[in-house]
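This report describes the fold of one chain, its sheet and a few selected residues. The sequence and the model come first.

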Amino acid sequence: MSELHVRQLEQYLSNVLFPLIDTSDLSGMAAAQIQQAKLSRALTAFSIIGLTGAAANQVAPFILDGGHDQGIDGCFYDETKNTLVFVQSKWHAGGTKTITKGDILKFLHGIKLVLSASWDTFSQKFQEHKELIEKVLLKPDVAVTAAVSFTGDNRLGTH
């Protein structure tokens, strides 16, 4: 992703998605850390919108990034496709990085925890959606999608 495309995306995320996404847990952090977290959360929302076609205001409450998220930055149920979507995202301003193997393994482990109803290590923010997620997962025909999103032009590693 070119630096121009990253800047264009940052402008869109800042203008459209920032106002909708909860950042109350970021108070007390350095300004640069807050900006990085906001961009990562907004990228998660942008990804869910792209995968599901849902409106930004529908997606915003399901951005779960923060402490004890177990690598899952967003989890959204798309009723029209009967699909539970999990997203892990990384914002990189330069547009040249990727997601690390460690981040992907943490994300996959987090999804396994959700699928096995092991909620004790998840944040309160995440657990607020526990009832919905469990209800959705009990549907015999539900599909689960795991997606990674990052602002980089490098492919995922072979591992």
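Two strands are taken to pair if DSSP finds at least two bridges between them. By that criterion β2 and strand β3 (residues 143-150) pair in the parallel sense, over eight bridges. One of these bridges joins L84 to V144 in β3. The model is predicted.

**Overall fold**

The chain has six helices and three strands. Their order from the N terminus is α-α-α-β-β-α-α-α-β. The radius of gyration is 15 Å, close to the 15 Å that the globule rule gives for 159 residues, so the chain is as compact as a globular protein of that length. The C-alpha trace spans about 45 × 35 × 30 Å along its principal axes.

Of the 159 residues, 42% count as buried. The accessible surface of the chain comes to about 8,600 Å², and 54% of this area belongs to carbon and sulfur atoms. Among contacts between residues at least 6 apart in sequence, 67% join residues at least 24 apart. The chain carries 14 positive and 16 negative charges, and the mean positions of the two sets are 4 Å apart.

**The strands**

Strand β1 covers residues 74-78, and five of its five residues are buried. In a regular strand the side chains alternate between the two faces of the sheet. In β1, G74, F76 and D78 point one way, while C75 and Y77 point the other way. Residues of both sets are buried.

How do β1 and β2 pair, and over how many bridges? Strand β2 (residues 83-90) pairs with β1 in the antiparallel sense, over five bridges. Within this pairing, F76 has V85 as its bridge partner, and D78 has T83. The two strands form a hairpin with four residues between them. In the turn, N82 has a positive phi of about 50°.

Strand β2 thus pairs with β1 in the antiparallel sense and with β3 in the parallel sense. Seven of the eight residues of β2 are buried, so this strand is largely enclosed by the rest of the structure.

**A buried alanine in α2**

A42 is found in helix α2, which covers residues 31-52. The relative accessible area of A42 is 0%, so this residue is buried. Leaving aside residues up to four places away in sequence, A42 touches L13, L17, F18 and I21. I21 lies 21 residues from A42 along the chain, and the C-alpha atoms of the two are separated by 7.2 Å.

**Positive phi in two loops**

Q70 and A117 are residues other than glycine with positive phi values. Q70 is found in the loop between α3 (56-59) and β1. A117 lies in the loop between α4 (101-115) and α5 (124-127). Buried means under 20% relative accessible area, and exposed means over 50%, with partly exposed in between. Q70 is at 16% relative accessibility and so counts as buried. A117 is at 42% and so counts as partly exposed.

| Residue | Phi | Relative accessibility |
|---|---|---|
| Q70 | near 55° | 16% |
| A117 | near 55° | 42% |

Definitions and conventions:
Residues numbered from 1 in each chain as written. Predicted model: local features only at pLDDT ≥ 70, side-chain atom pairs only at ≥ 80, totals over all residues. Heavy atoms only, no water. Rg over C-alpha atoms; globule rule 2.2 N^0.38 Å. Buried < 20%, exposed > 50% of the residue type's maximum accessible area, 1.4 Å probe, protein only. Contact = heavy atoms within 4.5 Å. Areas by Shrake-Rupley, 256 points an atom, 1.4 Å probe, with all protein chains shown as cover. Lys, Arg positive; Asp, Glu negative; His and termini not counted. Charge placed at Lys NZ, Arg CZ, Asp CG, Glu CD.
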